[in-house]
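Reader: I've got this one open and would like to talk it through. Could you take me around it, a question at a time?

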Number of protein chains: 2
Amino acid sequence: MESGRATVRDVAARAGVSATTVSRVIKGDYPVAQATRTRVLRAIRELDYVLNAHARALSGAGTKMVAFVLDDVTGPSFAYVAKGVEQQATAEGRLCMVCTTHGDPARELAVVEAMREQRADAVILVGGGTLDDAYRERMSHFAHALDKAGSRLVLCGRPPLGDDVPSTVVEYDNEGGAYAMTSHLLSQGHRHIALIGADHPGQASTTKIDRLRGFVRAHESFGVPYDPALIVPAGFGRADGHAAARRLITLGARFTAVFAATDMVAIGVLAALREAGLRVPEDVSLAGYDDIPLAADLSPGLTTVRIPTDELGRTAVRLALDRRQPQHVVLGTHIVVRDSVGPARTLSER
Amino acid sequence: MESGRATVRDVAARAGVSATTVSRVIKGDYPVAQATRTRVLRAIRELDYVLNAHARALSGAGTKMVAFVLDDVTGPSFAYVAKGVEQQATAEGRLCMVCTTHGDPARELAVVEAMREQRADAVILVGGGTLDDAYRERMSHFAHALDKAGSRLVLCGRPPLGDDVPSTVVEYDNEGGAYAMTSHLLSQGHRHIALIGADHPGQASTTKIDRLRGFVRAHESFGVPYDPALIVPAGFGRADGHAAARRLITLGARFTAVFAATDMVAIGVLAALREAGLRVPEDVSLAGYDDIPLAADLSPGLTTVRIPTDELGRTAVRLALDRRQPQHVVLGTHIVVRDSVGPARTLSER
DNA sequence: TCTACGGTAGAAACCGGTAACTATCGAATG
DNA sequence: CATTCGATAGTTACCGGTTTCTACCGTAGA
């Protein structure tokens with residue numbers, strides 16, 4: 001109880017044994033006489049001894065730590081991925097570091113570097129991802145470096161860096177979800193669907209590209225042409241959706257349904273539609289993407305695409321820690337039907 | 001580039017200097033000739049050398065790590081506290097560990113123990129907190145242990161453990177917020193205010209107790225009696241609010257306003273009111289607590305009490321890392337007026 | 001010319017565990 | 001009675017930086 005900084009040797013001295021014996025009592029992997037063990041345990045208790053994780057890490061034993069890198073902890077779906085990561089990490093006896101990048105690729109690289117210093121068992125990158133070449137190259141470099149050091153880079157919800165890059169990839173089917181939702185809208189008779197939150201020219205986001213791709217493919221499958229004027233680039237936030245929808249309405253665009261690229265965008269769109277006196281789903285149908293917890297609580301309940309957020313996190317950790325598992329998986333997405341999508345009303349009815 | 005496991009001595013050999021010199025080049029706190037520094041830096045680059053954080057931590061230099069312990073990463077307000085912690089930790093050159101306890105006091109203690117092994121600079125406990133005696137004692141023990149080891153226990157958004165316990169406490173004014181909001185309602189003419197989400201007898205929550213206390217004190221200040229039948233115990237979730245409000249309505253309780261103990265409760269109450277054909281705020285006014293991001297997106301916008309979530313997190317880190325600062329602060333709360341509270345309509349009008 | 005000192009660089013010890021190798025003792029075996 | 005083996009405990013080196021403490025060199029001041 002006296003020092004708070006007791007070492008194995010202090011404990012050893014108190015118990016009248018060697019440091020090795022103390023170490024063995026703690027690990028429990030080597031036979032120690034019952035009487036000795038008891039004495040050691042008592043000494044540990046009396047000195048309030050706590051093992052030094054750094055010393056242990058330094059001498060052989062790994063770090064037992066998983067690092068988790070994301071844009072922003074407050075992102076609606078990221079929190080769930082984080083939860084999955086934390087759960088699985090705990091289940092596998094790992095601690096969990098969290099770092100945020102605020103979408104800054106430079107900071108992301110810096111953070112990964114820091115994780116390399118920490119000798120983390122795995123470094124899990126979540127979300128977004130830049131397509132910039134210099135960035136990809138640097139990240140590939142890290143993947144190789146981590147690999148050589150016995151660690152692992154995990155790309156979670158973002159596309160692979162390349163075939164020769166040693167990394168674990170856990171994606172979800174962005175394109176498939178968009179395809180399913182668009183098909184759902186088309187099958188309800190909608191022929192003029194606005195996609196809000198498409199790609200912004202310039203800053204290529206793979207998520208946006210894939211969702212757009214599913215949108216387009218569904219139209220092709222149904223043999224329905226889509227109106228490029230209804231594909232509006234926008235950010236992924238509530239305000240982006242609100243502004244974009246308002247602009248569309250002001251411009252007098254003709255549409256019977258809106259497919260928002262994220263639920264947050266959908267919430268913004270919903271507000272804009274309400275302000276314009278349009279009812280959902282009677283006048284306009286609305287669909288989102290992500291199935292954030294709030295989606296069910298909106299009125300009307302938002303029909304949206306569910307992405308397996310916590311499974312994403314759990315899988316990332318599981319695969320990274322057990323290389324015998326396949327190192328590239330794509331998790332499925334599926335639509336959740338609530339009340340915000342209804343049959344299309346013909347445009348003239350409005 | 002070849003090993004991924006290069007050490008200072010490898011770098012030293014390559015640069016033709018001693019390990020000491022390499023260390024000094026990295027730290028930059030000791031004069032090294034320009035030419036030497038250049039050679040060392042080149043060697044570092046060529047070997048892709050990365051410092052070993054554990055080795056460094058072991059030899060003197062602290063850990064540069066802050067630990068953050070909470071119930072659940074997906075909690076609506078916790079994410080914002082986490083963000084504040086992460087921001088400030090980064091600003092002060094610290095990495096950030098996150099552990100969740102799922103509300104289990106035993107697991108919380110285990111987690112704190114693990115953080116002690118990690119020699120974290122500070123261990124920040126967020127939210128809730130148990131009032132159990134054995135628990136308090138164990139936690140006090142940790143506070144003392146961390147203190148002796150030069151670290152710090154931080155209680156964030158939860159009450160102090162006791163005067164003699166070395167710890168940092170960052171609270172927010174639960175009682176004051178409730179007082180302000182209740183006053184606001186009273187000043188709008190409301191005389192029959194229901195408080196939904198008061199304390200459940202048995203499981204004492206300090207948060208609930210304080211909010212109830214503010215509610216009562218405001219009534220006293222205004223010289224308005226409150227109806228005990230309108231103070232209804234409930235959990236802090238959406239479903240709790242919904243059920244409680246429905247029960248109140250079914251029972252024919254007379255009230256012109258509802259003060260929900262959390263925004264999530266308010267959302268549930270709102271749904272129940274709607275189902276009963278009551279309009280907000282025309283028929284019944286509704287106020288919440290927490291100002292979760294969603295509060296502004298409800299219709300009507302929810303009038304609620306803002307708690308300084310990210311400031312809570314930032315302050316926790318700042319104080320823990322600089323003991324010259326006061327080690328017990330109470331951050332202010334204030335009401336955010338939106339559209340869900342209106343003047344009271346007399347009960348007979350309804 | 002000798003001394004002193006600023007500027008640099010290195011040797012060795014140390015941080016706190018752990019792993020590999022030794023050592024000891026009593027019982028079992030030949 | 002000598003040998004061997006199993007159970008248990010200790011010695012020592014090492015993990016990879018950092019930190020004294022020392023040492024060297026050239027030059028400026030006495």
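Reader: Happy to start at the DNA. Which elements each supply at least two residues of the surface near DNA strand C?

Author: Bear in mind that this is a predicted model. Both protein chains have a share in the surface near DNA strand C. Chain B comes in with α2, while chain A brings α1 (8-15), α2 and α4 (53-58).

Reader: And which residues come nearest to DNA strand C?

Author: There are 25 residues around DNA strand C. By class they split into 10 nonpolar, 11 polar and four charged. The nearest are A:V8, A:R9, A:S23, B:T21 and B:T36.

Reader: What fraction of the DNA strand C atoms within 4 Å of the protein is sugar and phosphate?

Author: Take the phosphate side to begin with: a polar side-chain atom of A:K27 sits 3.3 Å from a phosphate oxygen of DNA strand C. The side chain of A:Y49 also has an N or O atom 2.9 Å from a phosphate oxygen of that strand. Of the 25 residues around DNA strand C, A:S23 is among the nearest. Counting the atoms of DNA strand C within 4 Å of the protein, sugar and phosphate make up 53%.

Reader: What about the bases: how far is the polar side-chain atom of B:Y30 from a base nitrogen of DNA strand C?

Author: Here we're on chain B, which also gives α2 to the surface near this strand. A polar side-chain atom of B:Y30 faces a base nitrogen of DNA strand C, and the distance is 2.9 Å.

Reader: Over to the other strand. Which residues are closest to DNA strand D?

Author: DNA strand D is surrounded by 25 residues. Its surface has 10 nonpolar, 11 polar and four charged residues. The closest ones come from both chains: A:T20, A:T36, B:V8, B:R9 and B:S23.

Reader: Which elements give two or more residues to the surface near DNA strand D?

Author: Look at the side chains for a start: B:S23 has an N or O atom 2.4 Å from a phosphate oxygen of DNA strand D, and for B:K27 the distance to a phosphate oxygen is 3.1 Å. B:T20 goes for a base instead, with an N or O atom of its side chain 3.2 Å from a base oxygen. The elements giving two or more residues are α2 (19-27) of chain A plus, from chain B, α1 (8-15), α2 (19-27) and α4 (53-58).

Reader: What percentage of the DNA strand D atoms within 4 Å of the protein belongs to sugar or phosphate?

Author: Those atoms are either sugar or phosphate on one hand, or bases on the other. For DNA strand D, the sugar or phosphate part is 50%.

Reader: Now the two protein chains. What rotation superposes chain B on chain A?

Author: The fit of chain B on chain A has an RMSD of 0.6 Å, with 0.4 Å of shift along the axis, and the rotation is 180°. The two copies are thus related as by a two-fold rotation axis. As for contacts between them, 100% of the contact residues of chain B recur in chain A, so the same surface serves both copies. The rotation to remember is 180°.

Reader: Which residue of chain B comes closest to the rotation axis?

Author: Going by C-alpha positions, the closest approach in chain B is 2.0 Å. The residue there is B:M97.

Reader: On to the sheets. Which strands stand at the edges of the sheet in chain A?

Author: Chain A has an open sheet of four strands with parallel pairing, ordered β7-β6-β8-β9. From one strand to the next the twist averages 15°. Each edge strand has a single partner, so one side of it is left without a neighbour in the sheet, and these strands are β7 (231-233) and β9 (285-287).

Reader: Which residue is the bridge partner of A:A257 in β9(A)?

Author: Strand β8 (residues 257-260) of chain A runs parallel to β9(A), and three bridges join them. In β9(A), A:A257 is partnered by A:S285.

Reader: Last one, in chain B: which residue of β8(B) stands opposite B:L195?

Author: The sheet of chain B is also written β7-β6-β8-β9, open and parallel. Four bridges link β6 (residues 193-198) to β8 (residues 257-260) there. Helix α9 (residues 206-222) lies across β6, β7 and β8 of chain B, at about 165° to β6(B). Opposite B:L195 stands B:F259.

Definitions and conventions: Residues numbered from 1 in each chain as written. Chains lettered and ligands numbered in written order. Predicted model: local features only at pLDDT ≥ 70, side-chain atom pairs only at ≥ 80, totals over all residues. Heavy atoms only, no water. Near = heavy atom within 4 Å. Polar contact = N/O pair within 3.5 Å; in protein donor to acceptor, adjacent residues only side chain to side chain. Nonpolar A, V, L, I, M, F, W, Y, C, P; charged D, E, K, R; others polar. Least-squares fit on C-alpha atoms with pLDDT ≥ 70 in both. Contact = heavy atoms within 4.5 Å. Pairing = 2+ DSSP bridges. Axes fitted to C-alpha atoms, helices over the stretch in contact; angles between N-to-C directions.
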